[in-house]
Amino acid sequence: MLSFEEQELCCPYCEIEIDVDTSETEHIKPKDIFPNEFQDFNNLIVACKSSKRCGNSKGSQWSSDFINPVLENPQDFLTYDIKTGEVRPKNSIGTDYEKAKVTIDILNLNDKRLAEARKNFILGNKYSIDYLEPEGEFRTLKEFMIDNKDSITSV
């Protein structure tokens, strides 16, 4: 199970800052479908308990294409649209595209409030322009917040 410290106090799904009061233990593979993996550390994370997204949106939904942030690096599959704040598949076709699409949909990562918060953070932060990759894509909000934690406020 990833601890708060390993997750840098962020939800591994939406990257919003979390604490004990705003988080819950999340079973990546739902415990009612995978009862034998109930206590498997590769199946547990600390995630936000925000309404209509992340673990609450996921509920008992499951797909073998779902990205497990404990075993896989979501950055290999996902990127941000810096104009809208929405999460997008990094690739336009193939297995990686399908995994990204399924994960975005199951977790409701493009919830209007979440995308708007990302957009405002990206566009409103003077450090954003220096943090773009050469292709113009934002690496990850989590990395950005960690690298600049003394200079910025969280989303």
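## Lysine 58 and its partner

Is lysine 58 buried or exposed, and what is its relative accessible area? In this predicted model, lysine 58 has a relative accessible area of 1% and is therefore buried, since the cut-off for that class is under 20%.

The side chain of lysine 58 forms a salt bridge with glutamate 26, and the closest N and O atoms of the two lie 2.7 Å apart. This pair joins distant parts of the chain, because glutamate 26 belongs to strand β1 (residues 23-27) and lysine 58 to helix α1 (residues 54-58), which places the partners 32 residues apart. Glutamate 26 is buried as well, at a relative accessible area of 7%. Side chains of opposite charge can pair when their charged atoms come close.

## A network around aspartate 111

The count of salt bridges in the model comes to seven, and among the residues involved Arg53, Asp111 and Arg113 are linked in a network. In one contact of this network, arginine 53 forms a salt bridge with aspartate 111, with 3.6 Å between the closest N and O atoms. Here too the pair links distant parts of the chain: arginine 53 sits in the loop between β2 (44-48) and α1, whereas aspartate 111 sits in the loop between α2 (94-107) and α3, and the two are 58 residues apart. Both arginine 53 and aspartate 111 are buried.

Aspartate 111 also forms a salt bridge with arginine 113, for which the closest N and O atoms are 3.5 Å apart. The partners in this contact fall into opposite classes of accessibility, as aspartate 111 counts as buried at 10% relative accessibility, while arginine 113 counts as exposed at 52%.

## Helix α3 and its two faces

Helix α3 (residues 112-124) is made up of 13 residues, and from its first C-alpha to its last it reaches 17 Å, which is close to the 18 Å expected at 1.5 Å a residue. Within α3, the buried residues are Leu114, Ala115, Arg118, Phe121 and Ile122. These residues lie on the same side of α3 because they cover an arc of only 130° around the axis.

Which exposed residues does the face of α3 turned away from its buried side carry? That face carries Lys112, Arg113, Leu123 and Gly124. Arg113 on this exposed face of α3 is also a member of the salt-bridge network with Arg53 and Asp111.

Key:
Residues numbered from 1 in each chain as written. Predicted model: local features only at pLDDT ≥ 70, side-chain atom pairs only at ≥ 80, totals over all residues. Heavy atoms only, no water. Helix = DSSP H or I, 4+ residues; strand = E, 2+ residues; numbered from the N terminus. Expected span 1.5 Å × (residues − 1). Buried < 20%, exposed > 50% of the residue type's maximum accessible area, 1.4 Å probe, protein only. Arc of directions from axis to C-beta. Salt bridge = Lys/Arg side-chain N within 4 Å of Asp/Glu carboxyl O.
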